[in-house]
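Thanks for opening this report. Please take a look at the model below, and then we can walk through its parts together.

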Protein chains: 2
Amino acid sequence: MALIVQKYGGTSVRSADRLKKVAERIAKFQARGDQIVVAVSAMSGETNRLITLAHEITSEPHPRELDVVVSTGEQVTIGLLCMALHELGIKAKSYTGGQVRILTDSAHTKARILDINNESIQKDLDEGTVVVVAGFQGVDEHGNITTLGRGGSDTTGVALAAALGADECQIYTDVDGVYTTDPRVVPKARKLDTITFEEMIELASQGSKVLQIRAVEFAGKYKVKLRVLSSFEEEGEGTLITVEEDSNMEKPVITGIAFSRDQAKITVVGVPDVPGIAYKLLGPIAAANIDVDMIVQNVGHHGATDFSFTVARSDLQRAVKLIEENEEIDQRVIETDDTMAKLSIVGVGMHSHPGVASKMFQTLAAENINIQMISTSEIKIAVVIEEKYLELGARVLHKAFDLDQT
Amino acid sequence: MALIVQKYGGTSVRSADRLKKVAERIAKFQARGDQIVVAVSAMSGETNRLITLAHEITSEPHPRELDVVVSTGEQVTIGLLCMALHELGIKAKSYTGGQVRILTDSAHTKARILDINNESIQKDLDEGTVVVVAGFQGVDEHGNITTLGRGGSDTTGVALAAALGADECQIYTDVDGVYTTDPRVVPKARKLDTITFEEMIELASQGSKVLQIRAVEFAGKYKVKLRVLSSFEEEGEGTLITVEEDSNMEKPVITGIAFSRDQAKITVVGVPDVPGIAYKLLGPIAAANIDVDMIVQNVGHHGATDFSFTVARSDLQRAVKLIEENEEIDQRVIETDDTMAKLSIVGVGMHSHPGVASKMFQTLAAENINIQMISTSEIKIAVVIEEKYLELGARVLHKAFDLDQT
């Protein structure tokens with residue numbers, strides 16, 4: 001007997017028929033004696049419908065009230081899934097975030113989980129009841145409804161697994177596991193049987209959308225055994241995200257390739273080459289909650305330098321405006337480019353293989369792909385290139401690092 | 001400065017535009033210094049959408065889970081209405097039933113309110129905040145979400161008014177007040193400026209749909225000043241439901257005429273005319289939660305009698321089956337008629353005017369309308385007639401009792 005937390009996303013629960021299929025899958029696990037806790041998202045399209053309703057009222061909905069409205073999406077799913085389980089003769093009980101008491105901070109629309117009360121759930125499990133919990137939501141200490149931000153249902157699943165000491169947290173998605181890269185771009189992409197938390201976090205932060213990065217971080221921190229599976233296929237072991245590096249000697253140096261098209265580059269030309277200039281430039285941008293990804297400061301000439309950094313394209317106009325209004329900087333010519341993309345290779349094996357970076361650069365150069373910016377970590381090398389070369393770059397790197405299907 | 005509770009039903013909040021209109025009306029009351037608590041229903045159509053979803057899963061949804069699903073309808077409205085109030089620069093805060101703590105019993109889908117905690121709401125009001133509460137819902141002592149049954153938002157409004165000691169509870173509907181009878185059937189129906197609680201309860205229980213009967217009972221019990229108003233018209237005082245009988249000497253004997261088409265008659269022919277036969281016949285029917293309205297037991301001949309009663313048409317088949325399966329009764333011929341309707345005249349003045357009943361019977365007889373069953377109370381006379389005569393009966397009684405517009 002195992003205690004398993006399963007998380008089903010929006011497409012898995014998009015209709016009554018899909019909910020019945022989910023109930024049948026849960027029934028199979030229960031039949032073999034497992035205790036099951038299920039975290040669910042809103043039915044696909046529902047969250048957007050609710051946000052659209054809010055925007056018909058106001059362009060800037062109050063975050064507290066937006067959470068009140070949007071959190072109903074998951075609440076509908078938990079009730080319906082319990083009904084589907086009852087139809088199969090399975091005892092099931094639903095919990096909203098507030099009913100579990102998933103305690104979060106008060107940062108509406110992007111709250112963080114502080115604590116989960118597992119008492120009621122454990123009691124239900126001990127009585128043979130399947131517990132169905134609304135993902136994505138919690139309550140703060142004052143009882144206000146909060147949401148965890150987009151994709152937060154993954155985090156709910158992992159946090160429940162951690163709080164209950166579950167044997168495994170299974171994330172059911174519309175893909176059958178984590179791939180070496182996006183198969184829609186690189187047809188020879190391979191499904192991975194295992195991947196380490198570190199690699200998964202890097203892939204997620206570099207653009208892979210299979211798992212929400214916060215959920216992976218949470219799972220790594222609390223040592224939750226995490227598995228990505230397809231909710232549409234009956235068979236398959238999916239991809240297991242592990243704490244340990246794979247002991248398989250044949251494991252390739254690079255595990256996966258991630259990319260993100262959502263990049264814009266800003267260059268501020270001729271700023272004074274003095275200490276503190278980076279802070280003066282980027283401080284107001286960080287204060288405006290704009291994520292700055294890569295930063296490059298050219299070697300200065302005659303006391304001036306060029307300063308480049310990347311932001312999400314949707315933040316480009318706001319970032320430029322903040323620089324223009326920045327009274328700390330006198331002289332500035334601002335150049336922008338919103339046709340950039342980021343391409344990253346990730347693998348825990350790379351730190352013991354010194355030739356990885358040069359192989360990457362060489363492979364891209366052989367296709368005349370110009371690298372504009374570079375950023376590295378222990379297990380990742382990311383480059384900014386023109387977006388039009390993105391697919392080509394992903395394919396040639398995938399082949400060069402022996403990731404192609406054989 | 002007054003403390004006013006306002007309740008807005010589904011058609012009043014059916015769209016973003018309607019919600020903005022509601023916010024504007026609230027703003028007017030606030031501008032004159034009133035403290036406002038608002039109870040709202042789900043946007044019209046939403047509750048049915050949610051029930052349909054549940055029925056796509058199962059024909060018999062578990063009541064606890066149905067409440068989890070259905071209660072989201074009002075939750076969406078409270079968030080959206082607060083956003084609309086914010087747009088007008090008004091401080092507003094939403095509460096689900098659980099957040100207020102509207103404590104109910106655990107009778108899911110038809111729960112009764114036991115207690116309302118007014119602390120948080122009072123604090124918000126004192127800070128100048130408009131409080132928006134989800135109607136129709138509460139929580140039981142274990143924190144399970146409950147609903148009060150259809151039309152329960154009226155009850156929420158009245159219960160909030162009672163708990164807060166409000167000066168007035170205003171029920172906004174799609175009509176501009178309580179009428180002497182349904183204007184769609186009797187074009188000469190008049191709007192009433194006032195009506196007593198007793199009369200309103202009788203009208204509601206006899207078929208008038210303006211107010212939910214439980215809400216009126218609640219208001220009468222706790223002496224809540226209740227007013228029915230149109231949410232679509234700016235002007236008008238609506239109808240005030242009062243504790244006191246109108247002191248106006250000119251007040252007519254009859255206040256209103258109610259009717260209900262949803263009637264079916266069952267006659268059990270030739271049952272033994274012995275004590276206890278009514279209980280033996282009707283006990284199992286009551287146990288099955290079928291409401292029996294009128295009951296007539298004919299004078300017995302030779303130790304046998306005919307026993308007639310009415311039920312809602314939707315309950316007819318179930319009731320007949322219960323009689324057929326009733327082992328306490330040996331001999332039975334069951335006759336049914338589902339083309340019956342009930343027509344009632346209501347008025348607190350009638351108990352001091354002995355001729356009312358005979359005038360009613362005479363008026364109907366003059367049109368050849370046969371009365372099949374009769375039931376009376378202190379302030380009501382109800383008759384069962386063939387449905388095809390219902391409109392005619394309503395019109396002639398309306399005229400005979402001087403209710404027609406002049």
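A residue counts as buried if 20 or more other C-beta atoms lie within 10 Å of its own, as exposed if 12 or fewer do, and as partly exposed in between, with the C-beta atoms placed from the backbone. This is a predicted model, in which local features need pLDDT of at least 70 and side-chain atom pairs count only at pLDDT 80 or more, while totals for chains, interfaces and linings use all residues. Residues are numbered from 1 along each chain as its sequence is written, and chains are lettered from A and ligands numbered from 1 in the order in which they are written.

**Confidence and domains**

The predictor's confidence in each residue is the pLDDT, which runs from 0 to 100. For chain A its mean is 91, and 98% of the residues reach 70 or more. The model as a whole scores ipTM 0.84 and pTM 0.85. Chain A is divided into domain 1 (3–174) and domain 2 (257–400), with bounds that come from an automatic or database domain assignment. Taken over C-alpha atoms, the centres of these two domains of chain A are separated by 37 Å.

**How the two chains relate**

Copies are superposed by least squares on the C-alpha atoms of residues with pLDDT of at least 70 in both. A turn of 180 degrees and a shift of 0.0 Å along the axis lay chain B on chain A with an RMSD of 0.1 Å. That is the relation of a two-fold axis. The same surface serves both copies, as 97% of the contact residues of chain B recur in chain A. Within chain B, Thr72(B) comes closest to the rotation axis, with its C-alpha at 2.7 Å.

**The contact**

Two residues are in contact if their C-beta atoms, placed from the backbone, lie within 7 Å. By that rule, 29 residues from chain B and 28 residues from chain A take part. Helices (H or I, at least four residues) and strands (E, at least two) are DSSP runs, numbered from the N terminus. On the side of chain B that touches chain A, helices H1 (16–31), H2 (46–57), H3 (63–70) and H4 (72–87) of chain B each supply at least two residues. H4(B) gives the most, with eleven residues. The residues of this side of chain B divide into 16 nonpolar, nine polar and four charged; here Ala, Val, Leu, Ile, Met, Phe, Trp, Tyr, Cys and Pro count as nonpolar, Asp, Glu, Lys and Arg as charged, and the others, Gly among them, as polar.

**Two buried helices**

Helix H7 (residues 152–164) of chain A has 13 residues and reaches 18 Å from its first C-alpha to its last, close to the 18 Å expected; the expected span is 1.5 Å times one less than the number of residues. H7(A) is mostly covered, with 13 of its 13 residues buried. In helix H8 (residues 197–205) of chain A, eight of the nine residues are buried, so this helix is largely enclosed by the rest of the structure. Among the buried residues of H8(A) are Phe197(A), Met200(A) and Leu203(A).

**Positive phi angles**

Here are some backbone positions to check in your viewer.

| Residue | Phi | Place |
|---|---|---|
| Thr109(A) | about 75 degrees | loop between E4 (102–104) and E5 (113–116) of chain A |
| Phe136(B) | near 80 degrees | loop between E6 (130–134) and E7 (137–139) of chain B |
| Gly165(A) | near 60 degrees | follows H7(A) |
| Gly207(A) | about 130 degrees | just after H8(A) |

Is Phe136(B) buried or exposed? Phe136(B) is buried, because 28 other C-beta atoms lie within 10 Å. Thr109(A) counts as partly exposed, because it has 16 C-beta neighbours inside 10 Å.
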